[in-house]
Amino acid sequence: MLHALICKPVSYFTYARRFLHSSTAPLIKETGLYGFEHLKAPKGFQRMVDDAIERSDELVKYIAGMPSPPEIIRAMDEVSDTVCTVIDSAELCRHTHPDRDFVDEASKATLRMNEYIHHLNSNPSLYHAVIKAEQNPHMLSEEAQRAAHYLRIDLEKGGIHLSAEKLDRVNQLNMEIVQLCRKFNENIITDPGQVDIFPASRIPKKLHHLTKTIYRPSSVASQKSAGTDCNLKERGLRLVTEPDSLCSILQLASDAEVRKLAYIGGNSSPRANLVVLDKLLDARHEFSEIMGCNSYSEFALKENMASSPEVVMSFLHEMSKMVRPKAEEEFKKILEFKRANSGLLVEDLEPWDEPYFTRMMKSSAHSLDYSVVASYFSLPQCIEGLKVLAESLFGVRCHEIPLGPGESWHPDVLKLSLYHLDEGDLGYLYLDLKSRKGKHPICAHFAIRGGRRISETDYQLPIIALVCNFSGPNFASVQLHHSDVETLFHEFGHAVHSLLSRTDYQHFSGTRVVLDFAETPSNLFEYYAWDYRVLRKFAKHNSTGDPIPEKLVESLVGAKKMFAATELQRQVFYTLIDQTLHTLKPSSISNTISIVADLKREHTSWKHVEGTHWHTRFSHLVTYGAGYYSYLYAKCFAATIWQKTCQEDPLSLDTGSALRSKLLQHGGAKDPAIILNDLVGNCATRNQNGGIVPDVTSLAMEMKLLD
C-alpha cells in the first residue's frame, strides 16, 4: 500500500528535473516553499494535490495497460514519488511553518492525499501489474525484483486482496487510524500540563524563564504576621510541563515537593489521550484481524528482520535480564547518595528523584559544570561539526548556499549543498534547528525528496530537512547541552543515509528501509558526538576560541557511563509498553495505565506513581506502533559497527568509504542482514525462531554488562 511509503518524504516529479545532478547550485530566483513553484502561497498546496492526482492517474492508466515488468516498476515508483512529495512536504510544513494559513492548507493536503492513497490501494489493476512484474524476475534487475516484492506486500497490507466488503472496512479503519494518530500528537502539544508553585522562591531563579508569574490572595496568617492589608497577593510561578521544561525542573529544583508536583503534572497530561489511545488500539487490532493476523504487532512485523512478536518479546526479555543486575546496582547508589545528602530518614527513591540526584552525582564524580560544557557547543560551531564529519569521512564539502525568495519558511533556516569534487552535487540539506513559538517541539529528519534514477545519465538528487528545537535568544547565541549535540548527530546520521544513498528507486532511497534497520546509521553517528578526536575538530569555547579540553570530554564520557544501565533499562521498558499494547487483544486490557504500571514494576526498580500516565505523551506509540524495538536493534547494530569499523580511526576516508559503499548507499535496496554481514562480518546478527535479532555482545562489552 502506498501509504507505507509516506513516512520518509520524497519530492514531486513535476519539479524534479530542476534539481537533477549538476555541479552548480540552482539559480537564485523567486520560487516557492522548498523550491516548489506552487508553494508561493498557502493555497498552492491545493494545486500540488490536484497535479499529483492528475499525474498519478495518468501513470495508473499506463500501468493498467500492462507494459513490460521493468516499466511497471518504474511507473509504480513514479506514482509513489509523485504522491509522497505532497504528503511529506505538507508534513514538514505542518511541523515547522510559522504561518497558520500554510499549516492549515498543508493539513488539508495531507488528508486529501491520504484519501487518494486509499483509492490507489484499492485499484486491482496496480495489484495485477505488480504481480505480473514479480512473476517475471528474469526481466528485472535485483533491485527491481526487490521493489516488485515489496510493492506487492505494501498493496496487500492495504487489503487489495480482500473482498470488497472487507476492503471497504480496511479503508475506513486506515482513515480512522490516521486521524487518531494526528489527534494523539496534537493533544501532546495543546495540553502539555501545568503546575503552579507558591511562593515563587521555591523555583531557582535560573529556571524562572521557563515559567509565568501568577498571583493568589495571601493567607490570613501571612498577612497578619506581615502587618499588611487584605489586598496583598502572593507571587507564584506557573510551569508548563512540556518535556524540556519538565526535564530542567526535575534536574535542577532542590525542593523535592516542587519536583513531585512537576513530575505528576507532566506525567498526567494529556488525559484525553487515554481515550484516543484506546480507540487507536481497538482500530489497529480490528484492522489486523481483518488482515488475518492475531495482533497488530504480528501484522506490523511480518516483513521486518524480527518477523514476529514472539521474536521481539524474546529479545526484549533477554535484554531486560541482561541489564537488570547493573541497573539495580545503580539504583542502590542513587538511594545511598540521596540518604547521604538529604539529612533526613529516607526510605526509598521516588521517580522525581532520579534526574536531580543523578545529575548531582555525575557533576560530583567528574567535576562537571554543565554551563562550561555548553560554552564549547554553540550552534554555529556544531554545524561546523557536521561539515567536519561530511568532509573527513566522505570527502564531501557542505557549502552554505543562498535560499531563493519564498523557498524558506523562517529566517533561521540554512541550506547546504553537499558537493563532491569528483561526483558533483550529491544533495541538499535544510537546517531548521532553533526553537520558536508555534514550532512543533520535535527533533526529526524529513526527506522532502528521495533519490532515484531518472535515466542513464540523470539522477534525482535528494532534498532533506533536519528539524530540531534548540533554545536561545538568537541563532548565534544558542548553546547546546551535550545531549543536544548527540541528538543533532543522531539526526545527521539519518540525513547522510538519505543524501548518500544511490538507489534506482525512491522506494528504497535512504531511510526507506525495514523499520528495525532504519535507526542504525543515526545511532552510529551518536558515537561521533562522544569521541574527543571528533569533538576537538569543532568544539571551540565561545569566548576564547580554545578547543574543548580532553579532560572535559573524558569527564563527559565518564558521566555518561555512570547510569547507562538505568537508561538502557528504561528503553527496554518503553519498548515493552509498545510491544505489549500492540500484542494483547483490547478486550484483555482493562486500562493501559495498569499495563504500564505492571511492566514498570516487573522490569525496573522504580515505582509507578498513582494518577500518572506517562505513556499518553509517548508519541512513538503512534508513529512507531509495535516498532519502537527498532531503537534497541539499532543500538546493538551501531555498537558492533563502531567497534569493528569506526573506533580505530573514526574520521578517516577509509572508514567513510566503508560506511558509504557497504551501508549508506544501498538504502533499502539490499537485505539489511546482507548489508551488516558485508560491513562487519557475521557478528552483528543471529537467527532466532525464524527471525533475526542483533548480537548483543558488542553493546554488552561496551556497557560492561558481561561477567
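Which residues touch the most other members of the largest nonpolar core?

## The main core

This is a predicted model, and its largest nonpolar core takes in 194 residues. The ones that touch the most other members are Tyr34, Met319, Phe377, Leu429, Phe489, Phe492 and Tyr528. Looking at who contributes, helix 3 (residues 69-96) gives the most to this core, with 11 residues. As background, nonpolar side chains in soluble globular proteins tend to be buried together.

Let's zoom in on Leu429. Leaving aside residues up to four places away in sequence, Leu429 touches Leu414, Lys415, Leu416, Leu418, Ile464, Leu466, Phe492, Ala495 and Leu499. There's also a second, separate core of 16 residues, with Leu250, Ala253, Val258 and Ala262 among them.

## The second largest pocket

Now for some empty space. The second largest pocket has a volume of about 180 Å³, and 13 residues line it. Nearest its centre you'll find Ala256, Lys338, Ser342, Leu344 and Phe357.

Where does the lining come from? Helix 10 (256-266), helix 13 (309-342) and helix 14 (354-366) each chip in at least two residues, and helix 13 has the largest share, with 3 residues. By character, the lining is a mix: 6 nonpolar, 3 polar and 4 charged residues.

## The annotated domain

An unreviewed UniProt entry puts the feature "domain: Peptidase M3A/M3B catalytic" at residues 251-683. In the model, that span is 52% helix and 9% strand, and the C-alpha atoms at its two ends sit 39 Å apart.

How values were computed:
Residues are numbered from 1 along each chain as its sequence is written. This is a predicted model: local features need pLDDT of at least 70, side-chain atom pairs count only at pLDDT 80 or more; totals for chains, interfaces and linings use all residues. Side-chain values use heavy atoms; hydrogens and water are left out. A nonpolar core is a set of buried Ala, Val, Leu, Ile, Met, Phe, Trp, Tyr and Cys residues joined through side-chain atoms within 4.5 Å. Buried means under 20% relative accessible area, exposed over 50%, partly exposed in between (1.4 Å probe, protein chains only). Helices (H or I, at least four residues) and strands (E, at least two) are DSSP runs, numbered from the N terminus. Contact means heavy atoms within 4.5 Å. On a 1 Å grid over the protein atoms alone, a cavity is a set of points where a 1.4 Å probe fits but cannot get out, and a pocket is an open set with protein on both sides within 12 Å along at least five of seven lines; lining residues have an atom within 4 Å of a point. Grid points are joined across faces, edges and corners, and a volume is the space filled by probe spheres set on the points. Ala, Val, Leu, Ile, Met, Phe, Trp, Tyr, Cys and Pro count as nonpolar, Asp, Glu, Lys and Arg as charged, and the others, Gly among them, as polar. UniProt positions are given in the numbering used here, feature names are shortened, and annotations may be inferred rather than shown by experiment.
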